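User: I have a model open and would like to know what lies behind the terms people use for it. Could you take me through them?
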Amino acid sequence: MVDPEGDTHLYLQISSILRTRIVNELRPGSPVPSEAEIQRDFGVARTTARRAIGVLRAEGLVHTVQGEGTFVGPRRDTSRDAQKMPLYQQIAQELRDRIMAGELPPRRPIPAESVLVGQYSVARETVRRAMALLRAQGWIYTVPQRGSYVCPKDSWPVTADGGDAESKESPMHPTPT
């Protein structure tokens, strides 16, 4: 793997390992390991993981789409890119679905930020954006120094037709008022 005592910076060693994987195993458009996965797999700091990806990006081997991840090859504006929901919205939608299914009950904590980072293998900022979206939509509230909790059911978002959240198709795209 990597040699922390060697004469080559860790980020360069990691970028070399990832470069080999990209050339031998991955197809254009395939996701490359996230910063969180690189941190976990190589036991390095986030800045080291970020620098390793930066080397590959500078070489033109990968491109990064904010909120979605890093992918093999140059960025292409395709209809697939335009249609794909950003990762933070996907996380927010999954958590909303868990709330509506009763898996995350009202007035109880949602999983901690660090748990969600590990579960989804994303950066903290991605989880924070998902939480901000859920908070803005009225699905969760945050108690300083304690965490985020599911809102009481009677305060869940209401659809434009006056129905409750359970009849909503997607609270991720609020109706303009």
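Analyst: Happily! This is a predicted model, and the protein has 7 helices and 4 strands. Read along the sequence, they follow the pattern α-α-α-β-β-α-α-α-α-β-β.

User: Why is Pro33 called buried?

Analyst: Buried means under 20% relative accessible area. Pro33 has 19% relative accessibility, so Pro33 counts as buried. Across the 177 residues of the protein, 39% count as buried.

User: Where is Pro33 found, and which residues does Pro33 touch, not counting those up to four places away in sequence?

Analyst: Pro33 sits in the loop between H1 and helix H2 (35-42). With residues up to four places away set aside, Pro33 touches Leu18, Arg21, Ile38 and Ile53. Pro33 and Phe71 are 38 residues apart along the chain, and their C-alpha atoms are separated by 8.8 Å.

User: What makes H1 and H3 oblique to each other?

Analyst: Start with the angle: the axes of helix H1 (residues 10-24) and helix H3 (residues 46-58) cross at roughly 50°. Roughly parallel needs an angle under 35 degrees, and roughly perpendicular covers 65 to 115. The crossing angle of roughly 50° fits neither class, nor the one over 145 degrees, and H1 and H3 are therefore oblique to each other. Their crossing is right-handed.

User: How do you know that H1 and H3 meet?

Analyst: Contact means heavy atoms within 4.5 Å. On the H1 side, the residues that meet H3 include Leu10, Ile14, Leu18 and Ile22. On the H3 side, Ala52, Ile53 and Leu56 are among the partners. The two axes come within 8 Å.

User: What makes a set of residues a nonpolar core?

Analyst: The residues must be buried, of nonpolar kinds such as Leu, Ile or Met, and joined through side-chain atoms within 4.5 Å. The largest nonpolar core here has 21 residues, and Leu95, Ile99, Met131, Leu134 and Ile140 touch the most other members. Helix H5 (87-100), helix H6 (113-120) and helix H7 (124-137) each supply at least two residues of this core. Leaving aside neighbours within four places in sequence, Met131 is in contact with Leu95, Ile110, Leu116 and Ile140. Apart from this core lies another, of 15 residues, among them Phe42, Ala49, Ile53 and Val72.

User: And how much area does the protein expose?

Analyst: The protein exposes about 10600 Å², with carbon and sulfur atoms supplying 50% of it.

Notes. Residues numbered from 1 in each chain as written. Predicted model: local features only at pLDDT ≥ 70, side-chain atom pairs only at ≥ 80, totals over all residues. Heavy atoms only, no water. Buried < 20%, exposed > 50% of the residue type's maximum accessible area, 1.4 Å probe, protein only. Areas by Shrake-Rupley, 256 points an atom, 1.4 Å probe, with all protein chains shown as cover. Axes fitted to C-alpha atoms, helices over the stretch in contact; angles between N-to-C directions. Left-handed = near helix turned anticlockwise from the far one by under 90°.
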